[in-house]
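Here are my notes from going through the model you sent. I've set them out as numbered points so you can check each one against the structure.

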Amino acid sequence: MTGCVFCKIARGEIPACKLLEDDEKVSFLDSNPLNPGHTLVVPKKHYETVMDIPGKELGKLMEIVPALARAIFNVTKAEGLNLFQTNKPCAGQTVPHVHIHIIPRNSRDGFSFGWRQGRYKEGEMEGLRNELIKALGVKL
Ligand code: 5GP
Ligand code: ZN
């Protein structure tokens with residue numbers, strides 16, 4: 001897709017510190033890392049979000065994540081690691097080309113997701129599950 005920064009990196013039109021790459025996917029260091037070693041894994045074909053990419057292609061993207069995670073974890077001497085994935089601006093997506101973040105973590109990095117977990121009202125969870133099952137086309 002013209003104008004998409006990750007398509008341009010995939011096509012080699014703009015430089016990136018690439019790690020693993022094949023015909024279908026490319027991984028490279030994030031230019032504004034949360035911590036050094038922060039890496040992005042990107043399909044070469046343009047899909048905006050995880051709702052758009054076929055499951056098989058997402059599976060292929062994920063195939064290289066464990067090897068990357070091990071290398072990043074060991075080389076950066078991280079204490080932990082997050083996989084992170086954003087879809088749509090309200091969820092923090094700034095580049096509308098689906099990607100997986102691999103983020104090495106340490107206890108001093110001061111980064112927090114700040115999750116405030118909620119609670120369901122009586123019956124709400126079961127009702128929602130029924131709607132989701134219907135949307136998934138699963139027969140009860
Ligand atoms: P998002 O905010 O969409 O989840 O993640 C997009 C990521 O892409 C950001 O962490 C940002 O730093 C990174 N990024 C944006 N433009 C470039 C670029 O041109 N090169 C590299 N290496 N990373 C980029
Ligand atoms: Zn793209």
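1. In which loop does Lys77 lie? Look between H3 and S4, since that is the loop holding Lys77. Bear in mind throughout that this is a predicted model. Lys77 has a positive phi of about 55 degrees, although it is not a glycine. As for its surroundings, Lys77 is exposed, at 71% relative accessible area.

2. Lys88 deserves a look for a similar reason. Its phi is positive too, at about 80 degrees, and again Lys88 is not a glycine. You'll find Lys88 in the loop between S4 and S5. With a relative accessibility of 38%, Lys88 counts as partly exposed.

3. Now for the inside. The largest nonpolar core is made of 10 residues: Cys4, Phe6, Cys7, Ile9, Ala10, Val26, Phe28, Leu40, Val42 and Val95. At least two of these come from each of helix H1 (5-10), strand S2 (25-29) and strand S3 (39-43). H1 is the biggest contributor, giving four residues to this core. As background, nonpolar side chains in soluble globular proteins tend to be buried together.

4. Ile9, one of the residues of that core, is a handy one to click on. If you skip its neighbours within four places in sequence, Ile9 is in contact with Ile14, Pro15, Ala16, Lys18 and Phe28. There is also a second core, separate from the one above, with nine residues, among them Leu61, Ile64, Ala69 and Ile100.

5. On to charges. How many salt bridges does a search of the whole structure find? The count is eight. One of them pairs Glu13 with Arg11, with the closest N and O atoms 2.7 Å apart. Both partners are partly exposed: Glu13 has a relative accessible area of 48%, and Arg11 has 43%.

6. Another salt bridge brings together the side chains of Lys25 and Asp22, at 2.6 Å from N to O. Is Lys25 buried or exposed? Lys25 is buried, with a relative accessible area of 4%. Buried here means under 20%, so Asp22, at 29%, counts as partly exposed instead.

7. Arg108 and Glu79 also form a salt bridge, and their closest N and O atoms are 2.9 Å apart. This pair links distant parts of the chain, 29 residues apart: Arg108 is in the loop between strand S5 (100-105) and helix H4 (124-136), while Glu79 is in the loop between helix H3 (65-75) and strand S4 (80-84). Arg108 is exposed, at 66% relative accessible area, whereas Glu79 is partly exposed, at 46%. Elsewhere, Lys18, Glu21 and Lys44 are joined into one network by salt bridges that share partners.

8. Last, the largest pocket, which holds about 320 Å³ of space. Its lining has 19 residues, and those nearest the centre are Phe6, Asp30, Ser31, Leu40 and Val95. H1 and S2 each supply at least two residues of the lining. What is the make-up of the lining? The residues divide into nine nonpolar, nine polar and one charged. Phe6, Leu40 and Val95 turn up both near the pocket's centre and in the largest nonpolar core, which makes them a good place to start if you want to view the two together.

Terms used:
Residues numbered from 1 in each chain as written. Chains lettered and ligands numbered in written order. Predicted model: local features only at pLDDT ≥ 70, side-chain atom pairs only at ≥ 80, totals over all residues. Heavy atoms only, no water. Core = buried A, V, L, I, M, F, W, Y, C linked by side-chain atoms within 4.5 Å. Buried < 20%, exposed > 50% of the residue type's maximum accessible area, 1.4 Å probe, protein only. Contact = heavy atoms within 4.5 Å. Salt bridge = Lys/Arg side-chain N within 4 Å of Asp/Glu carboxyl O. 1 Å grid on protein atoms, 1.4 Å probe; cavity = no way out; pocket = protein on both sides within 12 Å on 5 of 7 lines; lining within 4 Å. Points joined across faces, edges and corners; volume = space filled by probe spheres on them. Nonpolar A, V, L, I, M, F, W, Y, C, P; charged D, E, K, R; others polar.
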